[in-house]
Amino acid sequence: MFLVATILSHRYNSRTGSRETKVESHVKSFFSLFQVPGAQELVDFSPVYRCLHIYTVLGSREQFENYYRNQRRKQARLVLQPHSNMHETLEGYRRYFNQIVFVVEDHILHTTQGLVNRAYVEELWELALSKTIAALRTHSSYCTDPDLVLDLKNLIVLLADTLQGFGFPVSQLFDMMFEMREQYGEILLKKWNLAFRQVLDQDNFSPIPVATEEEYRQFTSQFPFQDPELDKLPFPKKLPFSEFVPQIYSQLKEFVYACLKYYEDLHLSSTEIDDVIRKSTNLLLTRTLSNCLQYAMKKKNVGLAELVQVIINTTQLEASCVYLEEFISNITNVPPDTANATKLYGTSTFKDARHAAEEEIYTNLNAKIDQFLQLADYDWTAAQGGGAPSDYLSDLIAFLCSTFSVFTHLPGKVAQTACMSACKHLSTSLLQLLLETDVRQVSMGALQQFNTDVKECERFARAGPVPGFQGDTLLLAFSDLRQVSLCLSLLYHSLSFLLASLLLHLSLYI
């Protein structure tokens, strides 16, 4: 076994003081982990002592010293070559560390006079350190398991603290662990990406029914939800959000815990830990969770009801961001109002997701209206119009009434915008039907039927399908359509009157 820093049990036992330091605790942990015997028990040093004595007597001590040091350098280079599959298991890393730590140089340094000196040991340590860091940097990059990266980090901390306790510089090991945190963070983001997608795929996008007080407390213990009005209602009742809300919130907290585990024992201050955890959480919110919410809304089987539920859910999650801030502050012991503290971007993330859901609602509503309008079959030469609205329009109005009744839990502005957007799209589409280039002529009967349909649209607007509109605001969506319909009717009547007058004058002349 090759030695870079001899960790001798007799040197450790010689430490004084009744109170154990953190480094000493790690040394003991290292001894326990690797089951370290003393250097004398591992290696028979007598051949080295005899050779040194013989060469000294012969007057060739310097020759032996050079030979010994060169051989040890060669052995160091050989032993520090990692196995190709070292990155697959923690045991692979542990075996590699065994070869680094259990060495004999320190023992030789303290039991011989000049065979090795401190400069030589430090030179050998620099060699071992550079090769070790290069090997760890390469092999750790292959790892995709966050638990293995975390275990490796803990192993390196034990190694670094133990060697530091014996006077060897280990700052480069800690620098490498700071590099590994970026990789650990990326692995966590990938893991939570799968977790979020699984939660969203399994959600039914329906309000959570609760039958008992116990069920209600179970959900409110998982997610910070308060609604005094809902509390007054008898059971059974429904929570406004679906199950993905408490599950997503729980996953966010688990991610924070996973981040915290990596930064333990890295000799960082509470403020530094709080800062890196918040930055990692912001990445999770703005990149991973945001993309997952976009993915959920773009799926083909997501309808208007599901999009409405997404808006309700993201509104609830946005309100919970203040509690997530408090949660991070509690585990890092850093107040959220600390100067220069990183703020969470959860509010903007959920706002963006809500706005995307709103746009999807507007788009889907217009697409549904277009589907109904494809069923429109006006007979533009009909002699007489029907007394009732067209069937396709009656079905469309029924659909809109049913859809807007689901908007009761939406913020008022969202529901009003959706309703106004739908009415404007319907008005524009009906106008396009009337003004299409292939409509060569329009009879009075056709205009009467079209006018009946316009009146049905206006009746729908006056009924107030969504509360909050001032006066006849919604009716204005159909104003252009009404004006065109009236103009065509007046024009038709005027032409009919003019034609009748001409015929009358002609008859008088004849």
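User: Buried means under 20% relative accessible area, exposed means over 50%, and partly exposed is in between. Where does Glu-326 fall: buried, exposed or partly exposed?
Analyst: Bear in mind that we're looking at a predicted model. Glu-326 sits in helix α16, which runs over residues 321–332. Its relative accessibility is 40%, between the two cut-offs, so Glu-326 counts as partly exposed.

User: How far apart in space are Glu-326 and Pro-336, C-alpha to C-alpha?
Analyst: Start with the sequence: 10 residues separate Glu-326 from Pro-336. In space, their C-alpha atoms are separated by 6.9 Å.

User: What about the whole chain: how many helices and how many strands does it have?
Analyst: There are 510 residues in the chain, and 46% of them count as buried. The accessible surface is about 26,600 Å², with 52% of that belonging to carbon and sulfur atoms. As for the count you asked about, it's 21 helices and 2 strands.

User: Which helix gives the most to the largest nonpolar core?
Analyst: That core has 144 residues, and Ile-361 and Leu-430 have the most contacts inside it. The helix giving the most, with 13 residues, spans residues 171–202 and is called α10.

User: Which residues does Ile-361 touch, not counting residues up to four places away in sequence?
Analyst: Ile-361 is one of the two residues with the most contacts inside the largest nonpolar core. Leave out residues up to four places away, and its partners are Leu-304, Leu-307, Val-308, Ile-311, Phe-407 and Ala-418.

User: Is Gln-309 buried or exposed?
Analyst: Gln-309 belongs to helix α15, residues 304–319. Beyond its neighbours within four places in sequence, its contacts are Phe-205, Ser-206, Pro-207, Pro-240, Phe-241 and Ser-242. Its relative accessible area is just 4%, and the cut-off is 20%, so Gln-309 is buried.

User: Phe-205 turned up there. What value is its phi near?
Analyst: Phe-205 is in the loop between α10 and β1, and it's buried at 10% relative accessible area. Most residues other than glycine have a negative phi. Phe-205 isn't glycine, yet its phi is positive, near 50°.

User: Asn-333 has a positive phi too. Is Asn-333 buried or exposed?
Analyst: Asn-333 is found in the loop between α16 and α17, with a phi near 60°. Its relative accessibility is 64%, which is over the 50% cut-off, so Asn-333 counts as exposed.

User: A cis peptide bond joins which two residues?
Analyst: Most peptide bonds are trans. One here has an omega of about -5°. Its proline lies in the loop between α12 and β2, and the cis bond joins Phe-235 and Pro-236.

User: Should the 20 residues of helix α9 span more or less what they do, or what exactly should they span?
Analyst: Helix α9 covers residues 146–165, and 15 of its 20 residues are buried, so it's largely enclosed by the rest of the structure. For its length, take 1.5 Å a residue and compare the result with the distance between the end C-alpha atoms, which agrees. The expected span is 28 Å.

User: At the start of α9, which residue's side-chain oxygen reaches to the backbone nitrogen of Asp-147?
Analyst: The oxygen comes to within 3.1 Å of that nitrogen. Just after the helix, by the way, Gly-167 takes a positive phi of about 90°. The residue with the reaching oxygen is Asp-145.

User: How many residues apart in sequence are the parts that Glu-318 and Arg-354 tie together?
Analyst: The two form a salt bridge, with their closest N and O atoms 2.7 Å apart. Glu-318 is in helix α15 and Arg-354 in helix α17, so the pair links parts whose separation in sequence is 36 residues.

User: Arg-61 and Glu-65 both lie in which helix?
Analyst: Their side chains meet in a salt bridge, 2.8 Å from N to O. Residues three or four places apart in an α-helix point the same way, because there are 3.6 residues a turn. Arg-61 and Glu-65 are 4 residues apart, about one turn, and both lie in helix α5.

Terms used:
Residues are numbered from 1 along each chain as its sequence is written. This is a predicted model: local features need pLDDT of at least 70, side-chain atom pairs count only at pLDDT 80 or more; totals for chains, interfaces and linings use all residues. Side-chain values use heavy atoms; hydrogens and water are left out. Buried means under 20% relative accessible area, exposed over 50%, partly exposed in between (1.4 Å probe, protein chains only). Contact means heavy atoms within 4.5 Å. A nonpolar core is a set of buried Ala, Val, Leu, Ile, Met, Phe, Trp, Tyr and Cys residues joined through side-chain atoms within 4.5 Å. A salt bridge is a side-chain nitrogen of Lys or Arg within 4 Å of a carboxyl oxygen of Asp or Glu. Accessible areas come from the Shrake-Rupley method with a 1.4 Å probe; for residues, only the protein chains shown count as cover. The expected span of a helix is 1.5 Å times one less than its number of residues. A polar contact is a pair of N or O atoms within 3.5 Å; within protein, one must be able to donate a hydrogen and the other to accept it, and residues adjacent in sequence count only if both atoms are side-chain atoms.
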